[in-house]
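Welcome! Please have a look at the sequence and the structure shown here, and then let us walk through the parts together.

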Amino acid sequence: MAGSRSLSSGLRALRPAAFGADPGGERLARIRSSPHFKDGVFQNPGGPSRIRPSGSGREFAKIYFDKDARTRRVPRGGIPVHATTLADIARPPTTGLRLTWSGHSSVLAEIDGQRVLFDPVWGERCSPFAFAGPRRLHPVPLPLAALGPVDVVVISHDHYDHLDMPTIKALAGTDTLFAVPLGVGAHLEAWGVSPGRLRELDWHESTRVGGLTLTATPARHFCGRGLRNTQHTLWASWTVAGEEHRIFHSGDTGYFAGFQDIGAAYGPFDATMIQIGAYSDFWPDIHMTPEEGVRAHLDLQGGGPAGVLLPIHWATFNLAPHAWAEPGEWTKDAAEAAGQAVALPRPGEPFEPAGKLPADPWWRAVSRSIDRPWRAPRAVEIAVAESGASDLDLAAPASEARPEAG
């Protein structure tokens, strides 16, 4: 027994700090009393979901490691990043609401005089290790310290591409509050965030931060950072309501009917930030395709086009088999087909949903061809030709694409 305890202690000593901490004590008791916790794990809305790739592992590996497909999952040149400056975000937004997407799911929302930072990931890799794991495809638009004071940091769930230990440790040295799903506070406390600065919520629970009401709302996903996934931390989407404006952040989620309920209870929204990347037929339950992302936005708005859709969770990390630019292009097409306003900023480009929206399909200048054509290939070809770019093969199937340098 003594040898067993010694081995256990040794394994804990080797545990990377980025794994975080498991919930215990009062936090674990609260988790076990949640109406969404059953049979020892948190449950997804809409019934059981597959959280691991479905189908044949050999088939998945064949697709994921195919040489041509791997090439298409990254841009062929430097991603155009808007170098956000303090001047960009120092002036209060004219309309009272401004969003700055920093890449992936990280968004600074300036809403009714307060500043909310969603899923900040400033690290180089979304991984527990500095030497391995998915690496950034573009630099952060500005240093974290240059962002200025933040009233509250909102975390959707504890996966590495949404909860980044180096970023949290840096923010722990500020005065900001943290709003997180139930159980996630254990990680933050392990990294230096005091319990008094945590607002840890179950679905449909709310907290006030200044003049804002933040509510954790359902999502269809899963959690886990360590070698064992105990499903003891919750995942969530979030609504933020100020005196004049309302916004929604999806976190990671599969499509489910609950978006209609969220919209009815907390919407409609001036802007939604919706996950439209890292989808695959191998995990359809836990991530949305671009078409599903647009449908989710419409559900949140009562069924028709309203507000502004900001696509998130794409362009920054290579996390799925689809082509790098596919989420942006297909979201643009799906939104146009639905008559829905969509903002397409470069990473770091601030915009006000009630003002002029960034609409330039900036990714086309650095996108490789994809294995299936865009939904509107002729429109893409014309747009590229008019821009003077040389990559007319963007609209062509992979078999017709020119060889790429490098």
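## A starting point: a hairpin

Let us begin with one facing pair: V209 stands opposite L212 in strand 10. Please keep in mind throughout that this is a predicted model. Strand 9 (residues 206-209) and strand 10 run antiparallel and are joined by four bridges. Together, strand 9 and strand 10 form a hairpin with two residues between them. In that turn, G210 has a positive phi of about 60°.

Strand 10 (residues 212-217) is mostly covered, with five of its six residues buried. Strand 10 also pairs with strand 11 (residues 237-241), in the antiparallel sense and over five bridges. You can follow this pairing residue by residue: T213 has A241 of strand 11 as its bridge partner, and L214 stands opposite V240 in strand 11.

## The sheet around the hairpin

Where does this hairpin belong? Strands 9 and 10 are part of an open sheet of six strands, in the order 9-10-11-12-13-14, and the pairing is mixed. The edges are held by strand 9 and strand 14 (308-312); each has a single partner strand, so one side of each is left without a neighbour in the sheet. On average, neighbouring strands of this sheet are turned by 20° against each other, direction ignored.

As a bit of background, strands of a sheet pair through backbone hydrogen bonds, either parallel or antiparallel.

## A helix across the sheet, and its partner

Which strands does helix 9 lie across? Helix 9 lies across strand 12 (246-249), strand 13 (271-275) and strand 14, and runs at about 145° to strand 13.

Helix 9 (residues 290-300) also packs with helix 10 (residues 326-338), at an angle of about 45° and with the axes 8 Å apart. The two helices, helix 9 and helix 10, are therefore oblique to each other. The crossing of helix 9 with helix 10 is right-handed. From helix 9, the residues P290, E291, V294 and L298 take part in the meeting, and from helix 10 they are P327, W330, T331, A334, A335 and A338.

## A second open sheet

Another six strands form an open sheet in the order 3-4-5-6-7-8, and here too the pairing is mixed. The edge strands are strand 3 (97-103) and strand 8 (198-201), each of which pairs on one side only. Neighbouring strands of this sheet are turned by 20° against each other on average, direction ignored.

Inside this sheet, strand 4 (residues 106-111) pairs with strand 5 (residues 114-118) in the antiparallel sense over five bridges. One facing pair here is A109 and V116, the latter in strand 5.

Strand 3 is the place of T100. Is T100 buried or exposed? T100 is buried, with a relative accessible area of 4%. Leaving aside residues up to four places away in sequence, T100 touches T84, I89, S106, V107, L108, E110, G348, E349 and P350.

## A helix with two sides

Helix 2 (residues 25-32) has R27, L28 and I31 as its buried residues. Seen down the axis of helix 2, these buried residues fall within an arc of 95°, so they line one face of the helix. On the other side of helix 2, G25, E26 and R32 are exposed.

What covers the buried residues of helix 2? The cover includes strand 1 (37-38), strand 2 (41-42), helix 7 (185-190) and strand 8.

## Unusual spots in the backbone

Most residues other than glycine have a negative phi, and most peptide bonds are trans. With that in mind, a few places deserve a look. The peptide bond from G267 to P268 is cis, with omega near -5°, and P268 lies in the loop between helix 8 (258-266) and strand 13.

H204 is not a glycine, yet its phi is positive, near 70°. H204 is found in the loop between strand 8 and strand 9, and at 45% relative accessibility it counts as partly exposed. A315 has a positive phi as well, of about 80°. A315 sits in the loop between strand 14 and helix 10 and is buried, with a relative accessible area of 3%.

## The chain as a whole

Stepping back, the secondary structure of the chain comes to eleven helices and 14 strands. Of the 406 residues of the chain, 55% count as buried. Among contacts in the chain with a separation of 6 or more, 69% come from residues 24 or more positions apart.

Notes
Residues are numbered from 1 along each chain as its sequence is written. This is a predicted model: local features need pLDDT of at least 70, side-chain atom pairs count only at pLDDT 80 or more; totals for chains, interfaces and linings use all residues. Side-chain values use heavy atoms; hydrogens and water are left out. Two strands pair if DSSP finds at least two bridges between them. Axes are lines fitted to C-alpha atoms, for helices over the stretch in contact, and angles run from 0 to 180 degrees between N-to-C directions. Buried means under 20% relative accessible area, exposed over 50%, partly exposed in between (1.4 Å probe, protein chains only). The arc is that of the directions from the helix axis to the C-beta atoms. Contact means heavy atoms within 4.5 Å. Angles under 35 degrees count as roughly parallel, over 145 as roughly antiparallel, 65 to 115 as roughly perpendicular and the rest as oblique. A crossing is left-handed if the near helix is turned anticlockwise from the far one by less than a right angle, and right-handed if clockwise.
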